[in-house]
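Visitor: I would like a close look at a single part of this model. Please take it step by step and keep it plain.

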Amino acid sequence: MVIRIIRTGFVLLLACSLVWALVLAWWADRLHTPSPRDMLLYMALLPLALLGGYALLRAFIDGLRYPAVPAAAPQPAISAQTSTPPEQLRPALWRPLKASFVHTAQGAGVAQLRNALEAGRRPGPDPQLRDADGFPVFAGRVEALDCDDLAARLDTLASRIGAAPIHQPAIVRALAILEHALPDILAALDEAPTESSATATLAPRLCWFVPQSWPSHCFPMLEAWLLEHREVLEHPPGEIRIVPAASTAELLQVLFGEHPADAGSAPLLVMAAESSLAEDVILGWEHAGTLFNAHNQHGRIPGEAAAALLFGPPRCDPADDIGAARMAEAVRDRRPAPPGTHNSTKDETLSSVRSRAMSQAQLQPEQIGVVIGDIDHRAASAVEVFTALGDEFGHLDPSTDVLALGAGCGDTGIVAPLLALALASELATQDARPALCLFAQDSIDRAAVVVTPAPARPLS
């Protein structure tokens, strides 16, 4: 604070000195002898007027660069289960995370994603997409996708089963990304029933989250496409659900949407894929004023990704599953208003869910080894995350221990929470320290999840 006051005073003194020097030089050139009125007007009032004008001009420019976010539309009433903190409803639950698969613009696999985020790699100008002014759109593109071949196979499948074909480029790209990882995903699912005698007789469940923008008439085609891939499995999923999800909070709620089950619970595979790299999506974002470009530095950067997580049954005792990282039950809440509205900078919703998640997991801030957020390049989200962390996490390096998924991959929609959990599981296991996930990309919903490393195997 003292340094800031000294710096501001120095700048003001420098500006006044410059004005005084110019005025004195002007008087000397005209051989003018100033009167007391001239001294008051030029040596006092003129510098103050210039400084006041500068302050007003800067406030006006900041108003153009950082426009206020319009007030959110009235939100529907949420159920008691959503609005009440999970830890007040029942004892904390844990889900063992058996396997994870990711494919993003920064590469396939959690290791490549981590290296890219720690190196600060960012989406660049896209070689194909252009905005309305003809300039390249910044985007996180997954390379080497054969979308034409997949589109032809989807048309053939639609004709064979008599379903409506899928012609939306964004959906085709998302399926193409998911198809890259699908063999490994299904192989892990095939091995899940034989991991222990407790789950040997139960077929695993598969929950496929899709964006709410995907039309429901595409769902029969999605299921048929997935069934073609699962036919090679020795233990196919006993249940397949395609669930439209609007937010991270909805997705996280599904993971713990049931009470603690006994040892007979089936494993759960959760997967999602989304792409916004299509001309119609870009035009829609630009028309809505949410696209990042030269005129809107605080817009969203399009991205695309696919991810899948294989969970064991929920446990009250995290030590029941040795050899697997464990995800604590998510703590969720909602901001009273989106960032950018009146008094939004004082909102402490994210700080609250962070504290409750840490308390639920019975951890202290100094035990956390890494923080993973779904935030992107926008300063407001970063400020909210670092404010929520506060001084208690001063042991973390902001450049390497606080990772921003959106900054490296662009806006990946509902895939972002799965990417964060997969990355947290990998880092917690490698570093043998718990990881904290903070979700602040949504305008209203806020959530926090703690992921702890696998417990050590007992010495024989």
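Visitor: How many disulfides does a search of the whole structure find? Please go on from there to strand β9 and its surroundings.

Guide: This is a predicted model. The search, run over the whole structure, finds 0 disulfides. A disulfide is a covalent bond between the sulfur atoms of two cysteines. Two cysteines can be placed by their accessibility. Cys 147 counts as buried because its relative accessibility is 15%, and the cut-off for buried is under 20%. Cys 218 also counts as buried, because its relative accessibility is 0%.

Helix α8 covers residues 219–230. The helix has 12 residues and reaches 16 Å from its first C-alpha to its last, which is close to the 16 Å expected at 1.5 Å a residue. Its buried residues include Phe 219, Met 221 and Leu 222, and Ala 224, Trp 225 and Leu 226 are buried as well.

Now to strand β9, residues 325–328. Ala 325 and Met 327 point one way from the strand, whereas Arg 326 and Ala 328 point the other way. All four residues named here are buried, the arginine included.

Strand β9 pairs with two strands. With β1, residues 94–104, the pairing is antiparallel and runs over 4 bridges. With β14, residues 445–452, the strands also run antiparallel, joined by 2 bridges. Arg 326 takes part in both pairings: Arg 326 is the bridge partner of Pro 96, and Thr 452 in β14 is the bridge partner of Arg 326.

Key
Residues are numbered from 1 along each chain as its sequence is written. This is a predicted model: local features need pLDDT of at least 70, side-chain atom pairs count only at pLDDT 80 or more; totals for chains, interfaces and linings use all residues. Side-chain values use heavy atoms; hydrogens and water are left out. The expected span of a helix is 1.5 Å times one less than its number of residues. Buried means under 20% relative accessible area, exposed over 50%, partly exposed in between (1.4 Å probe, protein chains only). A disulfide is a pair of cysteine sulfur atoms within 2.5 Å. Two strands pair if DSSP finds at least two bridges between them.
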